[in-house]
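Dear colleague,

I am handing over the structure below, and I would be glad if you could look through it before reading my notes, which follow underneath.

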Amino acid sequence: VQLQAFGGGLVQAGGSLRLSCAASGSIFSIDALAWYRQAPGKQRELVPAITSGGSTNYVDSVEGRFTISRDSAKNTVYLQMNSLKPKDTAVYFCKVKARTYRFSPWADFWGLGTLVTVSS
């Protein structure tokens, strides 16, 4: 399973960005998708996640500003980020929980990160 993330860049505080991450390769089914981020010198943290049923959860610091969504037909997850703050600056990674074949175990697959920089 390969993951390709797009949409990072430089934006001013208060601005918006939309990240997308498409999964490809040998995919039988996808369960949960998530976005993580890692700022310099900090641990990677879960930002939002979305289950196969559409349930979402967000870290408190982005609640009300970020929205995660998925297009199951395209095996793609999106992250709409509004009202960005300098503290949102980080490398953002997507992760999917997927099965590659019908009877294979669920496994986590990570994409390469995309850098989001928010200037003050």
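Leaving aside its neighbours within four places in sequence, which residues is Val1 in contact with? In this model, which is predicted, the partners of Val1 outside that window are Ala23, Ser24, Ser26, Ile27, Val96, Thr100 and Phe109. Val1 itself sits in the segment that precedes β1, and its relative accessibility of 22% makes it count as partly exposed, because the buried class ends under 20%. As for Val96, 95 residues away from Val1 along the chain, its C-alpha atom is separated from that of Val1 by 9.2 Å.

Turning to the overall fold, the secondary structure comes to 11 strands and 0 helices, so that the order of elements from the N terminus reads β-β-β-β-β-β-β-β-β-β-β. The radius of gyration is 14 Å, close to the 14 Å that the globule rule gives for 120 residues, and the protein is therefore as compact as a globular protein of that length. Along the principal axes, the C-alpha atoms fill a box of roughly 50 × 25 × 25 Å. Among contacts with a separation of 6 or more, 54% are made by residues 24 or more positions apart.

The interior comes next. Of the 120 residues, 38% count as buried, and the largest nonpolar core has 29 residues, with Trp35, Phe66, Val77, Leu79, Met81 and Tyr92 having the most contacts inside it. Two or more residues of this core are given by each of β1 (2-6), β3 (17-24), β4 (29-38), β5 (45-50), β7 (66-71), β8 (76-81), β9 (90-99) and β11 (114-119), and the largest share, 5 residues, comes from β9. Tyr92 is worth displaying with its surroundings: leaving aside neighbours within four places in sequence, Tyr92 is in contact with Leu19, Trp35, Tyr36, Arg37, Val47, Phe66, Leu79, Met81, Leu112, Gly113, Thr114 and Val116.

Finally, on the surface and the charges, the accessible surface of the protein comes to about 6,500 Å², and 51% of this belongs to carbon and sulfur atoms. The protein has 13 positive and 7 negative side chains, and the centres of these two sets lie 4 Å apart.

With kind regards

Note on methods
Residues numbered from 1 in each chain as written. Predicted model: local features only at pLDDT ≥ 70, side-chain atom pairs only at ≥ 80, totals over all residues. Heavy atoms only, no water. Core = buried A, V, L, I, M, F, W, Y, C linked by side-chain atoms within 4.5 Å. Buried < 20%, exposed > 50% of the residue type's maximum accessible area, 1.4 Å probe, protein only. Helix = DSSP H or I, 4+ residues; strand = E, 2+ residues; numbered from the N terminus. Contact = heavy atoms within 4.5 Å. Rg over C-alpha atoms; globule rule 2.2 N^0.38 Å. Areas by Shrake-Rupley, 256 points an atom, 1.4 Å probe, with all protein chains shown as cover. Lys, Arg positive; Asp, Glu negative; His and termini not counted. Charge placed at Lys NZ, Arg CZ, Asp CG, Glu CD.
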